[in-house]
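Colleague: I have this model open on my screen and would like a close look at one part of it. Could you start from the whole and then walk me to the stretch around the fourth helix and what lies beside it?

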Amino acid sequence: VDDADQRLRHVGDDERQGDTQDGAVRDVGPFGCQCHHPPPLRRRSRSVKLHIPMAALHHKIRDWFAARGWSPRPHQLAMLDQGLAGQSALLISPTGGGKTLAGFLATLQELADPHEHDGIHTLYISPLKALAVDIARNLETPVAEMGLPISIETRTGDTPHSRRARIRSHPPDILITTPEQVSLLVADPHAAHLLRNLRCVIIDELHSIVTSKRGVLLSLALTRVRSHAPGVRLSGLSATVADPDALRAWLVPAGTPPAAFVQGAAGAAPDLHILESQERVPWSGHSSRYAVQDIYAAIKAHRLSLVFVNTRSQAELLFQELWTANEDALPIALHHGSLDVAQRRKVEAAMAENRLRAVVATSTLDMGIDWGDVDLVVQVGAPKGSSRLLQRIGRANHRLEDPSKALLVPSNRFEVLECEAALEAVAENAQDTEYPATLKFDVLAQHILGRAVAGPFHADQLFREVTSAFTYRNLSRALFDQTLDYVATGGYALKSYERYAKLRQQVDDTWRLSHPRLAQQYRLNIGTIVEDEMLKVRLAKGRIVQGRRVAAGGFVLGELEEWFLSQMAVGDTYLFSGQVLRHEGIDEFGAIASRAPGREPRIPSYQGG
């Protein structure tokens, strides 16, 4: 560890009360900024040696802080220090510690004055579409209040083509997106124009991305980003990391010194309990029906509760049970990834405006999102990991100085033991995030095809790019050539069939797509999140055809897997989008359903990972 790294390792260790004297912190602003009255500085710990003092902030940013009585935290200024020096860095800070502002502060400083920046300046990558939308909303407000000439756009799988075209023709200063969209971005023939002036890449919740094939694909996409913008810096943000050194190495090209390490101050210990129900806890099952009245009572006793479950099926079932128990007509909502995007955005907006009392959600809301006045997290079922639980707990009282309140609800007696183990793990701040995934050859094959979509390439140059990624630093040339041959010919089993030949080698030794239609196929199938074929579910609207009533699809509720809907006969009922639906059939646009209250429904299950 070099001197600079050692200096940053302990930034914030002795700064639990921030920059105020005698612990005078009164409130916490957006992005985890400290709010205090009055704002005198205390003497810093000797381990905190910042190059960028508060006075060095641009006057628009400094005035915005001063007008509200806020001041940046030491780790936020440390990330600013690294960013302005053009250095990559990993920040580990508890939930509510202001990681988002820490990542963006250098960008705001660099773009504070009127500029004619050509192309994207900062690329923010989120593991969740909901988090990307939330970050955009939370960033646009202070940017507008500061009067900064900064344009911000989001691009996720829900972004319409018209907005994607606008991003391509008029690139924003800050683009907020997801890992899969980065792969699409670098596969665009216009990527060089969009990224040539890129200065910063911010990867939020880094720990949740690097452990899966999504992280492997993203690491390859970032090698293409670096080829267009060699001087780009990467900022990794996370609250729960078991092996920081691995993530520091992941952020930089293989063979170079690891990224700097910035440690945020520790937050307040969470207020975490296991439900003590008067009802009999069953030996098996995962529905938690026995605890519905207890969960409902907890919701009534708090302003806004996030009720987390582990699967979409559990979310549908628990929401229906809570709705049945909802004698006080409390506004309770449902949120999971198979619901239509319009319905999810409506729930998110209601949360932000504090119009809800509870939201039943899956992992779509468990990372980084900071909206609404959440004061209780309920985890239904064992959390299946201490890092995952710490992430979900952090959604309550999203402030560093305030303890997060959470309630664990075991679904059966064996899960009581898991919940007890979770309590001990949280008390020890034990992390169980996995080591970054490496050497996934199916992902490499996908990236090679994507590289050809962007334009012709030389194998030698692509090999050097690929092996500059942490995930493929140990890749041999022989295995790379075998993977390239597989993409080009379909492998030994399919090379005799012309339609599986995706690449052709030209006389100048470059590799090109064998047919333009392959580019569209690649764009439609990008990514590593595998699930079965999905069908849209639409509410039926009746129409009269030849004297009889025929159901036709109307309002879209969301998507279900084809295998589940294919087992349904007309008249069967199932639970989806928080309501009981009657299956009316399948047409060329998807499944048609009508509301059928009072029936015993089937519970949709999902086979995809």
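Modeller: Happy to. The accessible surface of this predicted model comes to about 26,200 Å², and 50% of that belongs to carbon and sulfur atoms. The chain has 609 residues, of which 56% count as buried. Its secondary structure consists of 21 helices and 24 strands. If we take the contacts between residues at least 6 apart in sequence, 72% of them join residues at least 24 apart, and the part you asked about gives some good examples.

Let us begin with Gln109, which lies in helix 4, the run of residues 99-110. Is Gln109 buried or exposed? Its relative accessibility is 17%, and the cut-off for buried is under 20%, so Gln109 counts as buried. Beyond its neighbours within four places in sequence, Gln109 is in contact with Ala56, Leu57, His58, Ile61, Leu80 and Leu84.

One step along the chain is Glu110, also in helix 4. Glu110 forms a salt bridge with Arg199, with 3.1 Å between the closest N and O atoms. Arg199 sits in the loop between helix 8 (191-195) and strand 8, so this pair ties helix 4 to a part of the chain 89 residues away in sequence. Both partners count as partly exposed: Glu110 has a relative accessibility of 23%, and Arg199 has 39%.

Now follow the chain on from Arg199. Cys200 is buried, at a relative accessible area of 1%. Another cysteine, Cys419, is buried too, at 0%. For the bench, it may be handy to know that the structure holds zero disulfides. As a reminder, a disulfide is a covalent bond between the sulfur atoms of two cysteines.

A little further on comes Glu205, in the loop between strand 8 (200-203) and helix 9 (206-210). Its backbone deserves a look: phi is positive, about 50°, although Glu205 is not a glycine. With a relative accessible area of 2%, Glu205 is buried.

The residues that follow this loop bring us to Ser238. Ser238 belongs to strand 9 (residues 233-238), and it is buried, with a relative accessible area of 0%. Leaving aside neighbours within four places in sequence, its contacts are Leu91, Ile92, Ser93, Lys99, Leu206 and His207. Lys99 is among these contacts, and residue 99 is where helix 4 begins; Leu206 is another, and residue 206 is where helix 9 begins.

What about the nonpolar packing? In soluble globular proteins, nonpolar side chains tend to be buried together. The largest nonpolar core here has 41 residues, and those touching the most other members are Ile295, Leu318, Val409, Val537, Tyr574 and Phe576. A second, separate core of 38 residues includes Ala89, Leu105, Leu108 and Val262. Leu105 and Leu108 carry numbers that fall within helix 4 (residues 99-110), so you can find members of that second core by going back to where we started.

For contrast, here are some places elsewhere in the chain. Asn354, in the loop between helix 14 (341-352) and strand 14 (358-361), also has a positive phi, near 55°, in a residue other than glycine. Asn354 is partly exposed, with a relative accessible area of 46%. In sequence, Asn354 falls between Glu353 and Arg355, whose side chains meet in a salt bridge (2.6 Å, N to O). Glu353 counts as partly exposed at 49% relative accessibility, and so does Arg355 at 48%.

The salt bridge count for the structure comes to 23. Another of them joins Glu584 and Arg582, with the closest N and O atoms 2.7 Å apart. Shared partners also link Lys129, Asp158, Arg344, Arg345 and Glu348 into one network of salt bridges.

Finally, a look at the surface. Leu439, Phe441 and Leu479 form a nonpolar patch there, with about 210 Å² of accessible area together. Phe441 is found in helix 17 (residues 441-454) and is partly exposed, at 33% relative accessibility. I would go back to Gln109 in helix 4 and trace the Glu110 to Arg199 bridge on your screen.

Methods
Residues numbered from 1 in each chain as written. Predicted model: local features only at pLDDT ≥ 70, side-chain atom pairs only at ≥ 80, totals over all residues. Heavy atoms only, no water. Patch = residues over 30% accessible without salt bridge, like charges linked within 9 Å, V, L, I, M, F, W, Y side chains within 5 Å. Areas by Shrake-Rupley, 256 points an atom, 1.4 Å probe, with all protein chains shown as cover. Salt bridge = Lys/Arg side-chain N within 4 Å of Asp/Glu carboxyl O. Helix = DSSP H or I, 4+ residues; strand = E, 2+ residues; numbered from the N terminus. Buried < 20%, exposed > 50% of the residue type's maximum accessible area, 1.4 Å probe, protein only. Disulfide = S-S within 2.5 Å. Contact = heavy atoms within 4.5 Å. Core = buried A, V, L, I, M, F, W, Y, C linked by side-chain atoms within 4.5 Å.
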